[in-house]
2 protein chains.
Amino acid sequence: MPGPPWLRQRLTNAGFRLTWPRQVILDVLGQNPQHLSAEEIFFHVHQFYPGIGMATVYRTLDLLTRTGLVFKFDFGDGRSRYELASEAAKGPHHHMICTRCGRIIDFGHSIDEEGELIAALGKELSEKHGFKINSHRIHFYGLCQDCQSSSTEGKR
Amino acid sequence: MPGPPWLRQRLTNAGFRLTWPRQVILDVLGQNPQHLSAEEIFFHVHQFYPGIGMATVYRTLDLLTRTGLVFKFDFGDGRSRYELASEAAKGPHHHMICTRCGRIIDFGHSIDEEGELIAALGKELSEKHGFKINSHRIHFYGLCQDCQSSSTEGKR
DNA sequence: ATAATAATGATAATCATTCTCAATAACTGA
DNA sequence: TCAGTTATTGAGAATGATTATCATTATTAT
Ligand SMILES: [Mn+2]
Ligand SMILES: [Mn+2]
Ligand SMILES: [Zn+2]
Ligand SMILES: [Zn+2]
């Protein structure tokens, strides 16, 4: 599983070596649209690349995040979760977190209003505080379908 | 520093005991509009309530969060940060995080578009996935005024 | 192929947060 | 007010995710 060629490019262009662990991790991320944690990625990678170490998974994930190939998220469950940037690129989206079971779903909305709102907020932020916005994230908290029946809220 | 009376109410009404540590923590949060971390809160509380233990700070913060008196945030610096809910109540706001120095500023916007957008997204989320949104958070990432001059991005 | 050195793997070390449990302080009702 | 019942606390150990070390190995340029 050498992983997509465009990804190798990004790495070598950025001056990083194209190693086996990196390719495999990238590949695992590519085949799993979910938001995997470092440990989950470790297990997957371990399947066809045994010798891998957790440290390498973390280092690689950090490198990929810094390079912009991967997005790092914190959904409040105590561990970071990662998502291939190209995945998000094919349609920016936000996330909905179920406060009961922790489920996370990508929410690739079709509302166009967002662009305007963000632009307006960005302008305001810039004028009032001199900030320059580069990106934003919206998290929705609530109950997923399954959890709506068996109510009695939970954490967060 | 007994702390606001309305807060005591909330605690006793919820069936919790009105203890000295709780009142002091609540008071510290009330006097510090910033987004304090558990450790920072611990130091402040420690000033006029020495014997306090970190465990109690965490436990209390968790209790207050679960009770809805306090909001818990994760701005990506590796530690949770807290904010008195009443503070947010007097004007809901979002946060801007500087990706260079980590500074966080409350962004109490005056744009009204947000309500509509969120409503629209909520409707879509409900129809497509059966989710029921209870709240949402928007984080803006970028550079604060001070960090815009000395460029060369940073983390996250 | 060889040299130069970035990357890895095993492991120890951090750090924030949680758990354990005996001691203590809040509430209750007499 | 006082004793009884328990929630709460404080100290310290324990946990769990993430980082740092460092000798060994793999990648890349020559
Ligand atoms: Mn996603
Ligand atoms: Mn705030
Ligand atoms: Zn759920
Ligand atoms: Zn800054």
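1. Start at the DNA. A backbone N or O atom of A:L18 sits 3.0 Å from a phosphate oxygen of DNA strand D. Bear in mind that this is a predicted model.

2. Chain B also reaches the phosphates of this strand. In the side chain of B:T56, an N or O atom is 2.7 Å from a phosphate oxygen of DNA strand D. B:G51 uses its backbone instead: one of its N or O atoms is 3.5 Å from a phosphate oxygen of the strand.

3. Which elements give two or more residues to the surface near DNA strand D? Chain A supplies helix 4 (54-67). Chain B supplies helix 2 (20-31) and helix 4 (54-67).

4. The surroundings of DNA strand D number 20 residues. The closest are A:Y58, A:S80, B:R22, B:T56 and B:R59. Of the strand atoms that come within 4 Å of the protein, 65% belong to sugar and phosphate.

5. Now the make-up of that surface. Eight residues near DNA strand D are nonpolar, six are polar and six are charged.

6. Next, the symmetry of the protein. Chain A superposes on chain B after a rotation of 180°, with 0.0 Å of shift along the axis and an RMSD of 0.1 Å. This is the relation of a two-fold axis. Within chain A, A:I138 has the C-alpha nearest the axis, at 2.3 Å.

7. Last, the interface. Why can one say that the copies meet through the same surface? Because 100% of the interface residues of chain A are interface residues in chain B too.

Conventions. Residues numbered from 1 in each chain as written. Chains lettered and ligands numbered in written order. Predicted model: local features only at pLDDT ≥ 70, side-chain atom pairs only at ≥ 80, totals over all residues. Heavy atoms only, no water. Least-squares fit on C-alpha atoms with pLDDT ≥ 70 in both. Contact = heavy atoms within 4.5 Å. Near = heavy atom within 4 Å. Polar contact = N/O pair within 3.5 Å; in protein donor to acceptor, adjacent residues only side chain to side chain. Helix = DSSP H or I, 4+ residues; strand = E, 2+ residues; numbered from the N terminus. Nonpolar A, V, L, I, M, F, W, Y, C, P; charged D, E, K, R; others polar.
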